[in-house]
Amino acid sequence: MKNEWPLWEIFIRGQHGMSHRHVGSLHAPDAEMAIKNARDVYTRRNEGVSIWVVEANNISASSPSDKGPLYEPSESKVYRHPTFFDIPDEVGAM
Amino acid sequence: MYAQMVKSEATNDDPEKLAEFQAKIDADIKIEPKDWMPQGYRKTLIRQIGQHAHSEIVGQLPEGNWITRAPTLERKAILLAKVQDEAGHGLYLYGAAETLGVSRDELTEMLLDGRMKYSSIFNYPTLNWADIGAVGWLVDGAAIMNQVPLQRTSYGPYSRAMIRICKEESFHQRQGYDAIRKMAEGTPEQKKMAQDALNRFWYPSLMMFGPSDKDSVHSAQSMAWKIKINTNDELRQKFVDQTVPQAEYLGLTVPDPDLKWNEERGHYDFSEPDWSEFFDVIKGNGPCNTDRLTARNKAWDDGQWVRDGLLAHAKKKRARHLAAE
């Protein structure tokens, strides 16, 4: 199956002002066809106002086994959240 | 249910990793493509999602048969939209299966040479327009029964595909009920056609859930992995309970003399379909098995030059683009 069309990941902007979100993938020979196919597959019911397509093998992803080293350090840094600090009532909204 | 009698694969993995994996599933943590998973889980999912995808694609054939003969332009546009949805559903599911390490072309080849199955229901013919209504109402209705709980399945890409499919599937069932209602409320001849369609599609629809699996080890494993949420009997009962009042509203009779409301159980009692017919159909001896596979093979072969041509064009364009840089 060496002649299989490459896989593309599809990102759709649902509404003006929102960011593009990953919605799924599809096969297409090139970017132009990927956009055409994405329009047919992922926006048949008014789901989008803009489409991005990225060939799947161009995406690099973090590894699930790195979950600990990558994300655990942030768990102990509660002072990064505004609710960590008590502001006296007299000061008012901040 | 578009996946029938999916056998679970034995798993031969490190017991510690297996226990960790099962704990994640029990805690409703989704499994994602790059996460560790038992070989059996992966293989069973490929089989199940693949069979489901094939059913969406083959399912276009009995309905596509009526696009050019729909009674009005509006019905034609609706049916066209529905059949287009089915292609999309197939695509979402092939996409989910591909994240497990199998390619879409590999899955397609396994469908075309008969190594993989599709739902038994699509081996029945759609003889007239009333059948198109019955297919939407009953066949899509039965599919929804199975697909709604599968939105909570443990495998992330499969779950996301199911959520997308369920959003669209309700349109399919409602347009079918609307089409058959028009006939049931029409002339006596039209009502007779609606009744005839119900007569022919009732038992094949009940078969869609597969034979009773309450004692099946495969089902027990799939349920522990949360790639199957309910037993076949539970879903079939739910389907009957939901569908009987809908038939009554239409003034149509469910073709089962033993169908009766059971006050004590709070469910309808109903007759089992003829399971020997079911096994015969999945063995390849249904009314349309040969037609369906011939049509799929022809579409694949006839499309070869289009796939090759577009790929050649894309390569040429890329080369020209690189040369210009």
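**Exercise 1.** In this predicted model, work out whether Arg47(B) counts as buried, partly exposed or exposed.

*Solution.* Start with the number: Arg47(B) has a relative accessibility of 32%. Now bring in the cut-offs: buried means under 20% and exposed means over 50%. The value of 32% falls in between, so Arg47(B) counts as partly exposed.

**Exercise 2.** Place Arg47(B) in its chain and find what it touches beyond four places away in sequence.

*Solution.* First, the element: Arg47(B) belongs to helix H2 of chain B, which covers residues 39–58. Next, leave out residues up to four places away in sequence, and the contacts of Arg47(B) are Val6(B), Lys7(B), Glu9(B) and Met116(B). Then pick one of these, Glu9(B), for a distance check. Glu9(B) and Arg47(B) are 38 residues apart along the chain, and 9.6 Å separates their C-alpha atoms.

**Exercise 3.** Describe the interface between chain A and chain B, beginning with its buried area.

*Solution.* Interface size is often quoted as the accessible area lost when the parts come together. Here, chain A and chain B bury about 2100 Å² between them, with 51% coming from carbon and sulfur atoms. On to the residues: chain A puts in 23 and chain B 25.

Now the polar side of things. Twelve residue pairs are in polar contact between chain A and chain B, both residues being at pLDDT 80 or more. On chain A's side, strand S2 (20–27) and helix H1 (31–42) are the elements giving two or more residues. H1(A) gives the most, with five residues. By type, that side of chain A splits into twelve nonpolar, four polar and seven charged residues.

Last, the salt bridges: there are six between the two chains. In one salt bridge, Arg44(A) meets Glu168(B) at 3.5 Å, N to O.

Conventions: Residues are numbered from 1 along each chain as its sequence is written. Chains are lettered from A and ligands numbered from 1 in the order in which they are written. This is a predicted model: local features need pLDDT of at least 70, side-chain atom pairs count only at pLDDT 80 or more; totals for chains, interfaces and linings use all residues. Side-chain values use heavy atoms; hydrogens and water are left out. Contact means heavy atoms within 4.5 Å. Buried area is the accessible area (1.4 Å probe) that two parts lose on being put together, summed over both. A salt bridge is a side-chain nitrogen of Lys or Arg within 4 Å of a carboxyl oxygen of Asp or Glu. A polar contact is a pair of N or O atoms within 3.5 Å; within protein, one must be able to donate a hydrogen and the other to accept it, and residues adjacent in sequence count only if both atoms are side-chain atoms. Helices (H or I, at least four residues) and strands (E, at least two) are DSSP runs, numbered from the N terminus. Ala, Val, Leu, Ile, Met, Phe, Trp, Tyr, Cys and Pro count as nonpolar, Asp, Glu, Lys and Arg as charged, and the others, Gly among them, as polar. Buried means under 20% relative accessible area, exposed over 50%, partly exposed in between (1.4 Å probe, protein chains only).
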